[in-house]
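Open your viewer and get the selection tool ready. We will walk through one binding site, stop by stop.

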Amino acid sequence: MTERRVVALGSGSYLPEKILTNEELSKIVDTTDDWIRERTGIRKRHIAAEGEFTSHLAIKAAERALEASGLTGPDIDLIVLATTTPDNTFPATATRVQAALKTKGFAFDVQSVCSGFLYALSVADAFLARGQAKRALVIGAETYSRILDWTERETCVLFGDGAGAVVLEGREAVGAPTAASGEPGIFGTLLRSDGNFYDILYVDGGVSSTQTTGHLRMKGREVFRHAVEKLSSVGEDLLARHGLKGEDVDWIVPHQANSRIIDSTARRIGASMDKVILTVAEHGNTSAASVPLALDWGVRSGKIRKGDLLLLEAMGGGLSWGAALLRW
Ligand code: UT7
C-alpha cells in the first residue's frame, strides 16, 4: 500500500491564567528565585484553576490550532491526545475534546509522560500515512499541579500546567518528503523506551497499585544525565537516517524541562543555541504539553517559518524518549 505524505497545517497552545512565580514558591517551600533560575531556567509556571481540567486546556489549544489551520472540528477525523493527567481514569480525555469540537472518526489518549507528544505525533503520522484518517489533531495537555507534592522542593518548583496542539493532514503525494526536495511534511519519527529506569521518575500511586492518584517522584540528577545522553543520541540517529546533521536543522524544538539539559543536548547534536526554541522560563516543565507549546510559540513569534526544517525531541518517565523530523 502506498503511504501518504503527512503535513502539519497549524498549531495552537493554551496556558491557564493563574501564574505562580519563583518568588511566590519561595513562600511555600525552602527555595529561592536564584536557585530555580540558575539550575533550571524557569521563572514562572501556570496553574489550572479549580474546576479547570486537562480537557479544558486541550480544547482551548485545539481550537487555536484549528483556527490557525483554517479548519473546524468536523474537518478532523482523528484525535490523539498525550497526557499523564487525564480528567478521569477512563474514558480517554480525547473523547471529551471530540465531543466539544464535534470532530469525527475516533479519538484516544496515549500515555508516555514527557515524551507523550512525540508518541502521539508518531501514532497519528502512521494512521494518516496509511489513510485510516485524513486529518488529525495531535494534542499534549497536562495539569501537573494536581500530582505534585507541594512540600517537596526538589520537584514542585519544576512543573506547570498547559496544552499545545498541531493539526496534521495526510495527502495523496507519495511517501515522506526528502531533505533535498524542500517540500513540507514529516520525514520520520524515532521512539525509544527502557523500563529498567521505571523508578527514577514515577508517580507513587495508581489505579491498580494503590487506588490513589499519588505524587510525582524523581531522582533529578540521574534523570538529568539520561536526558542529555538519550535526547542527543535519538536526535542524531534520526538525522543520520535522513542523511542530515545538526547544522542542517533550522530549529530544534526540545522538551522544556531544564535550560541546562536543552543547552547540553543542542551542543552534542551540533546545533547552536540560537537555533533552539526555548520557552521553559515562561511555563516550566509541562510534560506532554511542552513540545507543542514551544512549537506554537516558535510559530507565533515568527521564528519558525514555512519551509523550516524542525527537529522535535523529548524524554520522560519510563524512561521513554523520542524525536521527530519535519519540514513545517
Ligand atoms: O521531564 C522529565 C525530565 N525531567 C528532567 O529533565 C529533570 C532533570 N533533572 C533536573 O533538571 C535537575 O537535576 C534538577 C533541576 C531537578 C536539580 O538540579 P541539580 O543541579 O541536579 O541539583 P541537585 O539535585 O544535585 O541538588 C543540589 C542541591 C541539593 O543540596 P545539597 O545536597 O547540595 O546541599 C538540593 O537539596 O540543591 C538542593 N535543592 C534545592 N535548593 C533550593 C534541590 N531542590 C532545591 C530547590 N531550592 N528547589
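The tour starts with the ligand and moves outward.

This is a predicted model: local features need pLDDT of at least 70, side-chain atom pairs count only at pLDDT 80 or more, and totals for chains, interfaces and linings use all residues. Residues are numbered from 1 along each chain as its sequence is written, and side-chain values use heavy atoms, with hydrogens and water left out.

**Stop 1: the ligand's neighbours.** Select the ligand, then the 23 residues around it. A residue belongs here if one of its heavy atoms lies within 4 Å of the ligand. Thr 31, Arg 39, Arg 221, Asn 258 and Asn 285 come nearest.

**Stop 2: polar atoms.** Show the side chain of Thr 31. One of its N or O atoms is 2.7 Å from a nitrogen atom of the ligand. Move to Arg 39: a side-chain N or O atom is 2.9 Å from a ligand oxygen atom. Now pick Asn 258, where a polar side-chain atom lies 2.7 Å from an oxygen atom of the ligand. Taken alone, the ligand exposes 950 Å², and the protein buries 76% of that (areas by the Shrake-Rupley method with a 1.4 Å probe).

**Stop 3: the shell.** Colour the shell by residue type. You get 11 nonpolar, six polar and six charged residues. Gly counts as polar here, while Asp, Glu, Lys and Arg count as charged.

**Stop 4: helices.** Select α7 (220–241). Which helix gives the most to the shell? α7 does, with four residues. Helices are DSSP runs (H or I, at least four residues).

**Stop 5: two domains.** Colour domain 1 (2–174) and domain 2 (179–327) separately. Both give residues to the shell around the ligand, so the ligand lies between them. The domain bounds come from an automatic or database assignment.

Methods
Polar contact = N/O pair within 3.5 Å; in protein donor to acceptor, adjacent residues only side chain to side chain. Helix = DSSP H or I, 4+ residues; strand = E, 2+ residues; numbered from the N terminus.
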